[in-house]
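Visitor: I would like to understand how words such as buried, pocket and salt bridge are earned by a model, and I hope you will take me through the reasoning step by step.

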Amino acid sequence: MAKRAAPEVNAGSMADIAFLLLIFFLVTTTIETDSGISRKLPPIPEENVEPPVLKEKNIFVVELNKNNDLLVEETPMEIKDLREAAIKFLDNGGGAGDDACTYCRGAKDPSSSDNPDKAVISLRNNRETNYATYIAVQNELVAAYTELRNREAQRLYNTSFVQMEKDLTDVNYVGSKEKLKEKVKKIQALYPEKLSEAEPKK
């Protein structure tokens, strides 16, 4: 009597199922990404170059102590008031002659910053400072620069600086990216982000 051959199992559908499971896994899984503060490091200074001399009035000192208390120019302040205080300092325009600021709308207080190009915000923190508080302070300081840049972009180009940056990264943007890049650089030059972070105190 002849032996009957064992039927073969069709594995094609198994491969399809495995492929569908793989796609389902890729679509439904969330991949954790590191989040942080975007910062561009300054270039390495050349040897034997004297650091620029900064006037005391052009430095806006923001300090966080180990109890998460915010001190601005050695005066206690709430985080919600920090943005307005930073804008007041950056937009003061108290300089005269070559240091004068033609587009500043501040009080032009001679005891405060000369112009936005010379204004530096110095952020100092303690090693025991709460990370969430540190981030909140950083956000308010960056928001101060953004608000002033938005104002100037609206005045010069009838759009916001935030929108200009968004258009710069948009692949579907129909205008000239080169011209847009020049406009963005011009706005950044009006209010350069000069945020100095001193080494945390122990």
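Visitor: Why is Ala85 called buried?

Guide: In this predicted model, Ala85 has a relative accessible area of 18%, and because buried means under 20%, the value falls within that class. Ala85 lies in helix H2, and, leaving aside neighbours within four places in sequence, Ala85 is in contact with Phe60 and Met77. The C-alpha atoms of Ala85 and Leu141 are separated by 9.4 Å, although the two residues are 56 places apart along the chain.

Visitor: Which residues lie nearest the centre of the second largest pocket?

Guide: They are Phe60, Ala85, Lys88, Phe89 and Ser112, and the whole lining has 15 residues. Two elements give two or more residues to this lining, namely strand S1 (59-64) and helix H2 (82-90), and H2 supplies the largest share, with four residues. The volume of this pocket is about 310 Å³.

Visitor: What makes up the lining of that pocket, by class?

Guide: There are six nonpolar, three polar and six charged residues in the lining. Ala85, as one of the residues nearest the centre, is counted as nonpolar because alanine belongs to that class, whereas Lys88 is counted as charged because lysine does.

Visitor: How do you know that Cys101 and Cys104 are joined by a disulfide?

Guide: The two sulfur atoms are 2.1 Å apart, and because the limit for a disulfide is 2.5 Å, the pair qualifies. The structure holds one disulfide, and with 85 degrees about the S-S bond the link of Cys101 and Cys104 is right-handed. In general, a disulfide is a covalent bond between the sulfur atoms of two cysteines.

Visitor: Are these cysteines buried or exposed, and what value decides the matter for Cys101 and for Cys104?

Guide: Cys101 has a relative accessible area of 8%, so it counts as buried. Cys104 is also at 8% relative accessibility, and therefore it counts as buried as well.

Visitor: Why is the pair of Lys55 and Asp114 called a salt bridge?

Guide: The nitrogen and oxygen atoms of their side chains are 3.5 Å apart, and because the limit is 4 Å, the pair counts. This pair links distant parts of the chain, with Lys55 in the loop between helix H1 (12-28) and S1, and Asp114 in the loop between H2 and strand S4 (120-125), 59 residues apart. Side chains of opposite charge can pair when their charged atoms come close.

Visitor: Which other residue meets Asp114 in a salt bridge?

Guide: Lys57 does, with an N to O distance of 2.8 Å, and because that value lies within the 4 Å limit, this pair counts too. Asp114 and Lys57 are 57 residues apart, with Lys57 in the loop between H1 and S1.

Visitor: What makes Asp114 buried while Lys55 and Lys57 are called partly exposed?

Guide: Asp114 is at 2% relative accessibility, which is under 20%, so the residue counts as buried. Lys55 has 44% and Lys57 has 24%, and because both values fall between the limits of 20% and 50%, these two lysines are partly exposed.

Visitor: Why is Lys80 called exposed when Asp81 is called partly exposed?

Guide: Lys80 has a relative accessible area of 65%, which is over 50%, so Lys80 is exposed. Asp81 has 32%, which lies between the two limits, and therefore Asp81 is partly exposed. The two residues form a salt bridge, their closest N and O atoms being 3.6 Å apart.

Technical notes: Residues are numbered from 1 along each chain as its sequence is written. This is a predicted model: local features need pLDDT of at least 70, side-chain atom pairs count only at pLDDT 80 or more; totals for chains, interfaces and linings use all residues. Side-chain values use heavy atoms; hydrogens and water are left out. Buried means under 20% relative accessible area, exposed over 50%, partly exposed in between (1.4 Å probe, protein chains only). On a 1 Å grid over the protein atoms alone, a cavity is a set of points where a 1.4 Å probe fits but cannot get out, and a pocket is an open set with protein on both sides within 12 Å along at least five of seven lines; lining residues have an atom within 4 Å of a point. Grid points are joined across faces, edges and corners, and a volume is the space filled by probe spheres set on the points. Contact means heavy atoms within 4.5 Å.
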